[in-house]
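Good morning, colleagues. Please take a moment to look at the sequence and the structure on the screen before I go through them.

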Amino acid sequence: QVQLVESGGGLVQIGGSLRLSCAASKNIFSTHIMGWYRQAAGKQRELVATISTIGRTNYADSVKGRFTISKDNAKTTVYLQMNSLKPEDTAIYYCNARQWLAGAAYDNWGQGTQVTVSS
């Protein structure tokens, strides 16, 4: 089991930037796809971005060109740089570590960090 701890959330104005961090309790980047998901009030959790074991990234259409996911193997930390923030980006952001074993996905989740974008 791996523990994931998010940080970096907060209140930001429209057009502002935030960087979220997700610290993993051990180095799992060679075996796990790391990702950020978000859940707005009254909505389902949705994918924001993922980064594969070899560094390949994937983004939701709604954040392409504004958000960047990256990872630091030495620090066992995943980042989500969020620029040009919009009110619709307001949500709780969750870090995810997914491992595929024998065709089944095993997920670890962080506790979440709140991001609020307001005018």
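Of the 119 residues of the protein chain, 41% count as buried. I should say at once that this is a predicted model. The chain contains eleven strands and zero helices, and its pattern along the sequence is accordingly written as β-β-β-β-β-β-β-β-β-β-β. The radius of gyration is 14 Å, close to the 14 Å given by the globule rule for 119 residues, so the chain is as compact as a globular protein of that length. The C-alpha trace spans about 45 × 30 × 25 Å along its principal axes. As for contacts with a separation of 6 or more, 54% of them join residues that are 24 or more positions apart.

Let me turn to the interior. In soluble globular proteins, nonpolar side chains tend to be buried together. Here the largest nonpolar core has 29 residues, and those with the most contacts inside it are Met 34, Trp 36, Leu 80, Met 82 and Tyr 93. Which strands each supply at least two residues of this core? They are S3 (18-24), S4, S5 (46-51), S7 (67-72), S8 (77-82), S9 and S11 (113-118).

I come next to the aromatic residues. A pair of aromatic rings is described by the distance of the centres and the angle of the planes. With a limit of 6.5 Å between ring centres, the count comes to two aromatic pairs. In one of them, the rings of Tyr 37 and Trp 109 have their centres 5.1 Å apart and their planes at 70 degrees; planes over 60 degrees apart count as edge-to-face, so this pair is edge-to-face. Tyr 37 belongs to strand S4 (residues 33-39) and Trp 109 to strand S10 (residues 104-109), so the pair ties together parts that are 72 residues apart in sequence. Is Tyr 37 buried or exposed? At 13% relative accessibility, Tyr 37 counts as buried, whereas Trp 109 is partly exposed, with a relative accessible area of 34%.

The other pair is Tyr 94 with Trp 109, whose ring centres lie 6.5 Å apart and whose planes are at 90 degrees, so it is edge-to-face. This pair links distant parts of the chain, with Tyr 94 in strand S9 (residues 91-101) and Trp 109 in strand S10, 15 residues apart. Tyr 94 has a relative accessibility of 11% and counts as buried. Tyr 37, Tyr 94 and Trp 109 thus form one aromatic cluster.

Arg 45 is placed beside two members of that cluster. Arg 45 lies over the face of Tyr 94, 3.8 Å from the ring centre. The charged end of Arg 45 also sits over the ring of Trp 109, 4.5 Å from its centre.

I would now draw your attention to Thr 113, which has its place in strand S11. Thr 113 has a relative accessible area of 10%; the limit for buried is under 20%, so Thr 113 is buried. What does the side chain of Thr 113 reach at 3.2 Å? It reaches the backbone nitrogen of Gly 9. Leaving aside neighbours within four places in sequence, Thr 113 is in contact with Glu 6, Ser 7, Gly 8, Gly 9, Leu 20, Ala 91, Ile 92 and Tyr 93. Thr 113 and Ser 7 are 106 residues apart in sequence, yet their C-alpha atoms are 6.2 Å apart in space.

Finally, I wish to mention two backbone angles. Most residues other than glycine have a negative phi, and most peptide bonds are trans. Thr 76, in the loop between S7 and S8, has a positive phi near 45 degrees. Ala 102, in the loop between S9 and S10, likewise has a positive phi, of about 50 degrees, although it is not a glycine. As to their surroundings, Thr 76 is buried, with a relative accessible area of 14%, while Ala 102 is exposed, with a relative accessible area of 90%.

Thank you for your attention.

Terms used:
Residues numbered from 1 in each chain as written. Predicted model: local features only at pLDDT ≥ 70, side-chain atom pairs only at ≥ 80, totals over all residues. Heavy atoms only, no water. Phe/Tyr/Trp six-rings, centres within 6.5 Å; stacked < 30°, edge-to-face > 60°. Helix = DSSP H or I, 4+ residues; strand = E, 2+ residues; numbered from the N terminus. Buried < 20%, exposed > 50% of the residue type's maximum accessible area, 1.4 Å probe, protein only. Lys NZ or Arg CZ within 6 Å of the ring centre and 35° of its normal. Core = buried A, V, L, I, M, F, W, Y, C linked by side-chain atoms within 4.5 Å. Polar contact = N/O pair within 3.5 Å; in protein donor to acceptor, adjacent residues only side chain to side chain. Contact = heavy atoms within 4.5 Å. Rg over C-alpha atoms; globule rule 2.2 N^0.38 Å.
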